[in-house]
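Please open the model in your viewer and keep the sequence panel beside it, since each stop on this tour asks you to select something and then look at what surrounds it.

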Amino acid sequence: MLNSPEEEILAKACEAIYRFALKGEENKATLLELGAVEPLTKLLTHEDKTVRRNATMIFGILASNNDVKKLLRELDVMNSIIAQLAPEEEVVIHEFASLCLANMSAEYTSKVQIFENGGLEPLIRLLASPDPDVKKNSIECIYNLVQELNDLHIEALSVIANCLEDMDTLILIQQTGGLKKLLSFAENSTIPDIQKNAAKAITKAAYDPEIRKLFHEQEVEKCLVALLGSENDGTKIAASQAISAMCENSGSKEFFNNQGIPQLILLLKGDNEEVREAASLALANLTTCNTANANAVAEADGVDPLINILSSTRDGAVANAATVLANLAMQEPLRVNIQNHDVVRALIGPLRSANTVVQSKAALTVAATACDVEARTELRNSGGLEPLVELLRSKNEEVRRHASWAVMVCANDELMAVELCKLGALDILEEVNLSVSRKNKFSEMAYNKLLNNNLSLKYSVTGYLSSSNIISDGFYDYGRFLNYLQINPGTKLLPLKDLCLQEPSDQRAVLLVNSKSSDVSPPPSTEDKSSDVGYGRSISSSSSLRRASKEKSNYHFSTGFGSPTEEKSEPPSGRNTAVSKGTTKEKGSRKVRGKKEEEKVKEEEEASTLPKLMGEGSPEKEWYPPFDPDFCVYVYEVTKSIFPITNIKEQIEVLAKYVAEKMGGKISKEKLHDFSWELHISELKFQLKSNVVPIGQIKKGIFYHRALLFKALADKIGIGCSLVRGEYCRAWNEVKLMNETPKGLIGVLPPPEVYIVDLMFHPGGLMKLRSREADLYRYL
């Protein structure tokens, strides 16, 4: 009947449908299913007033049904309904048309249609209607339109923010002027959620370089700094994140130097953990590769709050704060400032974190801050070395790299290098470096740094010391681990103290280089004989050096250095020496030998009474390496006699002869097997009650004894040489010498050539090294 051409039939059909719709929601749904809505929409513009009125009344009732609303939006009938609000229409039509609009205005899309079709103005005009129902419906519709405008903007900004992740959409929004509207919302709105979503949209868009440039030209930085002062935490977070994104633009970074950084530091001091995380992220990006911003953070008193964040429960905040501190520590004055705020101790917790990002950033900060002895000592005393070493095992590449970097920095002094090796750093790094996929340049550098600052271990592991590896007091030759990690797992290089306190055994003697005496004075009732007593006691003093110097005062200076008159109790087989072998010499030797035996008995008695003299139960005194007065005299002699020689080759030759003389003299290859050096070493071990033998006390030395002594003395006077360990008690020294410039090539320096220093067969001789295996075979 709704399609009938007769107006009376249409009017009565609409009246019947209206009454049916009033019965309830089920009837409204039935009318929708029967297809009544679409023909009814055509009747809203019918010429007959009664038909038009009845159709309008039906839609006033039907529009409360959500499915009907959806269909009405699709049929685009909003203009027809708004037309019923015209002043010339009846009050009944005004009532039901406004009722229809009030029902429709509860949804966003319908609101847009009402606005676009000019519905707000007639609704406002109907507020003056004498009919209360018309007023009520108009007020309700206007209320709906006004009350939810803000929510529409908020959600629209959220949608835009998501759309900006797509590059094509981003370009489209830019071309249509959408970005300027976005900035307008951020700058002018006072509603927190609108500000927050606008800042989020700016963040998404700012990842594109061209958009960042556009934002910078529009001075978006001022807006973002203003948003940092919002009372809403969500807005602060969004503004901080937008600043982080804008930091990729150098101009923006410069702007935030004076405006932005102080405000961000204030946010670090707040209670909201999410705000602190976002602010610390912005500071991390602002200070990366920017010294001016790093200084600005320090000047704004940002160090303390950053260090406090290192104990935060949010991993992101901890990682960001560590990054900022690492950026600041790149400058020495700021690094000192950070160290004064106890940053090293604060990093222990992050080093133990289970989060790989936190681990990585914490290790990086250790590498940046532990650049001096005091900081490294604090790290060790605070228990920071153990978790740092454990990070070397990490499966995360960045964690391993930064941990290796930190270990390399910490290994810059010998004490730390030794401590790190005790904790297994060298083992782990060697294992890492064996893997092509796990090693990195820092792991290799850290491994070499550990060895170069622990030369005793390096020589044991590699069997090689270069000319740049300078032997210092306290160096000891333990022997070589054939394969430090794989063949002998668990084998460790024991500390010198532990080796000294061990009883003598059949193991190879440990050779000690030490010309430094302790400052600990012995008990007043004992004579200072520490160089001849077991190393369980630390009672040596500088008087030993004075006594040794006095005993060595009878020198032969004809060769540029001297040989002590009481050096040997018996000349070795085949030794050529400048010392007289007369009767007087022999008597002197027997006299000295007898005197030493008396002193030995006396010292044994002193050793037994020492605990009583020191007091039972007294605190253990600090331990010092055994003093080697003979080696100290060697250093004095070569410094005085060889150092002034200007020709490097002559220096090497003279030093080689000196070393050979102190170690038993020239030995021919035919009589090498008669050179009873093993018995001599065994006697020394028995006499010293230890496996550790000072190099200066060895008077019958074979290849590896002489090579070590030559290297130790050469390093003292600045002669560059390497120390190479071979098989079967072999070791030798290699030196580099410049050849003469070929004739006609003035100013052209030929490359240096490597020579092996002969310390056994023809002391002072130099053999050019062309093929190591062949030349060594020929030499040895």
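Begin by selecting Ile348, which has its place in helix H26, residues 348-351, and keep in mind throughout that this is a predicted model. Ile348 counts as buried because its relative accessibility is 9%, below the 20% cut-off for that word. If you now add Leu310, which is 38 residues away along the chain, you will find 9.4 Å between the C-alpha atoms of Leu310 and Ile348.

Go next to helix H15, residues 209-217, and show the side chains of Ile211, Arg212 and Phe215, which are buried. Looking down the axis of H15, you will see the buried residues fall within an arc of 105 degrees, so they line one face of the helix. Turn to the other side of H15, where Glu210 and Glu217 are exposed. At the start of this helix, select Asp208, one of whose side-chain oxygens comes to within 3.2 Å of the backbone nitrogen of Glu210; just after H15, select Glu219, which has a positive phi of about 55 degrees.

The next stops concern charged side chains. Side chains of opposite charge can pair when their charged atoms come close. There are 23 salt bridges in the structure, and a good one to select is that between Arg53 and Glu90, whose closest N and O atoms are 3.8 Å apart. Arg53 belongs to helix H4 (residues 49-62), while Glu90 sits in the loop between helix H6 (78-83) and helix H7 (91-104), so this pair ties together parts that are 37 residues apart in sequence. Add Lys49 to the selection as well, and you have a network of salt bridges linking Lys49, Arg53 and Glu90.

For another pair, select Asp233 and Lys236, which form a salt bridge with 3.8 Å between the closest N and O atoms. Both residues lie in helix H17 (residues 233-246), three residues apart, or about one turn of the helix. Which of the two is buried, and which is partly exposed? Lys236 counts as buried at 17% relative accessibility, whereas Asp233 counts as partly exposed at 31%.

Finally, select Ile124, Leu127 and Ile139, which make a nonpolar surface patch of about 260 Å². Within this patch, Leu127 lies in the loop between helix H9 (120-125) and helix H10 (132-147), and Leu127 counts as partly exposed, with a relative accessibility of 35%.

Note on methods. Residues numbered from 1 in each chain as written. Predicted model: local features only at pLDDT ≥ 70, side-chain atom pairs only at ≥ 80, totals over all residues. Heavy atoms only, no water. Patch = residues over 30% accessible without salt bridge, like charges linked within 9 Å, V, L, I, M, F, W, Y side chains within 5 Å. Areas by Shrake-Rupley, 256 points an atom, 1.4 Å probe, with all protein chains shown as cover. Salt bridge = Lys/Arg side-chain N within 4 Å of Asp/Glu carboxyl O. Helix = DSSP H or I, 4+ residues; strand = E, 2+ residues; numbered from the N terminus. Buried < 20%, exposed > 50% of the residue type's maximum accessible area, 1.4 Å probe, protein only. Arc of directions from axis to C-beta. Polar contact = N/O pair within 3.5 Å; in protein donor to acceptor, adjacent residues only side chain to side chain.
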